[in-house]
Structure formats: structure tokens, C-alpha cells
Amino acid sequence: MLRIENLNTHYGPSHILQGVDLQIPAGKIYAVLGRNGVGKTTTVRSIMGLVRPSSGRILLDGHDIAGWAPHRIARAGVAYVPEGRLIFPDLTVLENIRVGERHPARIWTMGRLLELFPSLRERSSNRGWQLSGGEQQMLAIARALVSDPRAVLLDEPSQGLAPLVVRELAEVIKRLCAEGVTILLIEQNMKLAEAVADELHIMVKGRIVYRAPPAVFRADEEAIRGRYLTV
Amino acid sequence: MDFLPFLLVQCLNALSQAALLFFLGVGLTLIFGIMRIVNFAHGTFYMLGAFLGYSAAHLSGSFWFALIAGPIIAGGVGAAFEIGLLRPLYRRGDSAFLMVTFGLTLVLGDITRLLWGVDPLQISLPNALGAIVFLFDEPFPTYRLFLAAAGIIVAVAIWQFLERTRLGLLIRATSQNAEMVHALGVNVNLVRSGIFGIGCGLAALGGVLAAPMVTASLGMAGNAIIDAFVIVIIGGMGSFLGSLLAAVLVAFVQVFGTYYFPDFALAAMYLLMLLVLMIRPGGLLGKEI
């Protein structure tokens, strides 16, 4: 469904993504793990069109979207939940969601979103800056879902959240998957990734170097951790 | 004249002055809020509005028509300028914008000179607006009442537009995080062109409204851009309510300053700006920059 082939991205002279290959089937959750600075966020930003890849293909249901403007990629069915959530601080909760609602939602209607995220319903007329980190994260997800996306890119959603909230987040991610949404999850939190992902990928220096289902990953976790993930 | 009537008349004077300052400042602040660029050509659009208004009124014989046509044409010129010359520069630094918008002031100034000549032009008012009313037995120009009312109406209209319409929502969101709005599927370029056109159109509306009092002249642009900057700096860059507040404050300082301290009247506005900047460096309702 979302297929990335030999993706290369540069920031000025530095070669960040060095041939990323990734293929996510429809309705699956794939997680990408890795240390800071290996290119995880750049991968997501390249898919979203926020940085222009220098070469390679990004195929969404067979259409190459590499190099498209972000709004066209979003309209093609890719939604983005950025690192740090980046909700609009001076807009209310409902207004934040409405920015993403380009046409009336068919699947993820406002009513359903508020049912999925009860805490947002209570705070619907609060401004973004007044929300807790967990509420901001739920809002960022709701804002992405209201466009009825086929694929969602989640960049470090667990960052800065309490363990209880991370568990809630895991439930939400599984729920999206059950509804048929394809998910690319970027994470530092291995527990969350293991709990929800159908396949785990590890990125080192701009390349995917390892991939396995969670069960296999867990079996040789110690070795993998030492080799690829611990600083 | 008793004190209370005097106060009321001066307040009405100040409100009419505030309306003109608000039309100037609000466009500049909205443009800055969205694009983070300072539009040096803003005063030139004010001047352009006055000349367009003159021609529209002259050709159609209707001041009301000029009031609509002038801002729309100037707004169109602004939007076209944004699409043609600013859009290619968004990936570049701020100095590029300063150069290009400053260049536009020179080009538009010369075009205006070629089209309308160097002599100031007078827009005549319809009888209803050109009359005098008596407030507490003192004569007061009806047109100043009209200006104050126009200012209030337009301020409420802009506020409702920002709060209640989809484009208004996108404008507010874009001023907070343009990239995120883009990633949510909104063509941010269109929002930018739209706000640039609206901002220039509002400046031009101020120009058309000012022309009957001060005549349309090439000198308008220079004074206007300074006033506009002062409004935006006092109100806080990018803040709609700030520009409204600043316009009212500056107008009151100007009107009462001229009356009580005629020798310092010109300095009063800058003293106010200095005072505000000392207390709130980001402007009254602005964020710290």
C-alpha cells in the first residue's frame, strides 16, 4: 500500500537517508526504531513532502508521490502526526480538528472522534496550549483522522507521555488499525512499538538494517538492542 | 464650549482618525502574521487606493462605487504581486522580501505618476457625506462620523471573518504553523495570496476613504507606511486586536496631543511607541519576538 524504494534525502551537504526501503501492506502497523539522528523523522517528512527527496520512489497504491507538495500528498490520503504534536496553540480543540477537515468526514466524523477521545470532548472549547501532553497527542491524532486517511504517519507519539497515557495511546493505535488504517510508527519507546506493530524495523545511518515481527524481535532483543539501539 | 461636549467631539474626531489608521495597520499585521514578512509596499497600496478611488469615482460618478472598486483592484494587484514575485522567494531569507517589496514601492510609485500625473487629485463626496452636522451647536463634518462608523463596521466584519469562516480559521492556523497547515492538506500558497490581497485591499480602502480629506497624492505612501509600522509595532506584530487597539490609542494621542501640546504633536505618536516598547517589547498584544 505504502512502498518506499531506495529513498535518498539530503539536508544541504549531509546525506541523511541513504536508500531507505520499506513496504507497508494495507491495514498493517509497521514501526521504525533507531537512535536519535539516524533519519527516522526525515523519513516521515520525506514521505509527507515536507522535505524533497533527492532520489527514490514513494508509492502510494502504485502512484509515485515523491516530490509532490505536502497538501497534495495529504489529499491523496496520507495523514501526519508530527513529532512534538505541533497542534495550533491558540486555536480551540474543535478548531484544531476543523483545520484538518477539508470536507465533511465520512468515517472519522467529529462525533466519532470525540467518542474515541473522551478527554477531548470535555475540553473541546479549550485552547491547544491549555492541554496536557497526552491530550495534545490525542488531538494531533484526531486532527489527522478527520481527513479519513488511508495511511497515518505517527512520529514519536509517546514522547514525554506518562506510562498510563502510552498504554491508552497503544489502544488507540490498535483501534485505527482495526478500522483498516495503514500506520507507519516512528518510536524510541520499544515497548509501545512491540505492543502494537506487525513488524519492527531498525534504522541505522539512514538505512533500514533489520526487520522482524515482534515475536522474533523479542527472542533476540538483547543482542539487537546492544548492536543497534543503545547509545 | 463646555468640557463635556468638547470631549465628545474630540473623541469622535479621534475615532475617525483611528478608522484610517486601522485600515492601514490591520492589513500589514495580518500579512506579517501569516508570512513573517514586512510588506514595505503597504503604504504604496494605500496611495494606489486613493488614486484608483479617484478614477473610479470620476468615471462612474459614484463615490460608493469607488469605495468598492478601488480596494478590489488594489487587492488584485497585491495578490498578483504575491503570486508572481514573492512566492518564488519563500525558501529564501527575509532580506529578499524587503528588497522586493521595497522595489515594488518604487515601481508602483512611478506607474502611479505616469498614469495620474504629479498633481494631487480631489475626490468629491456625495452630498449626504459632504454635509455638516451640528453636535452641541458646533459644526462637525458628517464625513468624519461616516469614517468612524466605517471603521467599526469593517473591524467587526474582519473579526467575524477570522472567527467564523473556513478561510479565517486557516489564516489563524497558518499564522501559528504554516507547515502543519500545509501537511493537513491545505494549499498554503493560496492562503498566502489571499491574505496578501486582502491586506493590500484594506490599505487601499483606507486610501479611498482618506482621499476626500487629504486629496490623492504621491506623498501619501511615505507617510502611510510609517503610520502603519507604528500601529503594527504598538499593537504587536500579527495581532488583529492589537492593530485595532493601537489605531485607537495612536489616534487619541494624535488628536488630543495636537490640541494640548501642538508643538509636540508629531512626536506624541513616537513617544507612545517608545513607552509601549519599554513595557512590552513585543507590542501590546504581540508575542515576544
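Helix H1 (residues 40-48) of chain A lies across five strands of its own chain: S3, S6, strand S7 (151-155), S8 and strand S9 (199-204). Relative to S7(A), this helix runs at about 150°. Keep in mind as you explore that this is a predicted model.

**The sheet in chain A**

What is the order of the strands in the open sheet? Its 6 strands are arranged as S6-S7-S8-S3-S9-S10 in chain A, and the pairing is mixed. Strand S6 (78-81) and strand S10 (207-212) of chain A are the edge strands, each pairing on one side only. From one strand to the next, the twist averages 20°.

Now look at one pair inside this sheet. Strand S3 (residues 29-33) and strand S8 (residues 182-187) of chain A run parallel and are joined by 5 bridges. One partnership to find on your screen links A:Leu33 with A:Glu187 in S8(A).

**The nonpolar core**

Which residues touch the most other members of the largest nonpolar core? They are A:Leu185 and B:Val250, in a core of 160 residues. Helix H1 (residues 3-35) of chain B gives the largest share of this core, 16 residues. Leaving aside neighbours within four places in sequence, A:Leu185 is in contact with several residues of chain A, among them A:Ile29, A:Ala31, A:Leu154 and A:Val196.

**A tour of chain B**

Chain B has 12 helices and 2 strands. Along the sequence, the pattern reads α-α-α-α-α-β-β-α-α-α-α-α-α-α. Here are some overall values for this chain.

| Property of chain B | Value |
|---|---|
| Span of the C-alpha trace along the principal axes | about 60 × 50 × 35 Å |
| Radius of gyration | 19 Å |
| Buried share of the 289 residues | 49% |
| Share of contacts between residues at least 6 apart in sequence that join residues at least 24 apart | 76% |

The radius of gyration agrees with a compact globule, because a globule of 289 residues would have a value near 19 Å.

For a single residue to visit, try B:Ser55, found in helix H2 (residues 42-60) of chain B. Is B:Ser55 buried, exposed or partly exposed? B:Ser55 has 18 C-beta neighbours inside 10 Å, so this residue counts as partly exposed. B:Gly70 is 15 residues from B:Ser55 in sequence, and their C-alpha atoms are 8.7 Å apart in space.

**Where the chains meet**

How many residues of chain B are in contact with chain A? There are 15, and they contact 20 residues of chain A. On the chain B side, helix H7 (166-176) and helix H8 (178-183) are the elements that give two or more residues. That side divides into 8 nonpolar, 5 polar and 2 charged residues.

Definitions and conventions
Residues numbered from 1 in each chain as written. Chains lettered and ligands numbered in written order. Predicted model: local features only at pLDDT ≥ 70, side-chain atom pairs only at ≥ 80, totals over all residues. Helix = DSSP H or I, 4+ residues; strand = E, 2+ residues; numbered from the N terminus. Rg over C-alpha atoms; globule rule 2.2 N^0.38 Å. Buried ≥ 20, exposed ≤ 12 C-beta atoms within 10 Å, placed from the backbone. Contact = placed C-beta atoms within 7 Å. Nonpolar A, V, L, I, M, F, W, Y, C, P; charged D, E, K, R; others polar. Core = buried A, V, L, I, M, F, W, Y, C linked by C-beta atoms within 7 Å. Pairing = 2+ DSSP bridges. Axes fitted to C-alpha atoms, helices over the stretch in contact; angles between N-to-C directions.
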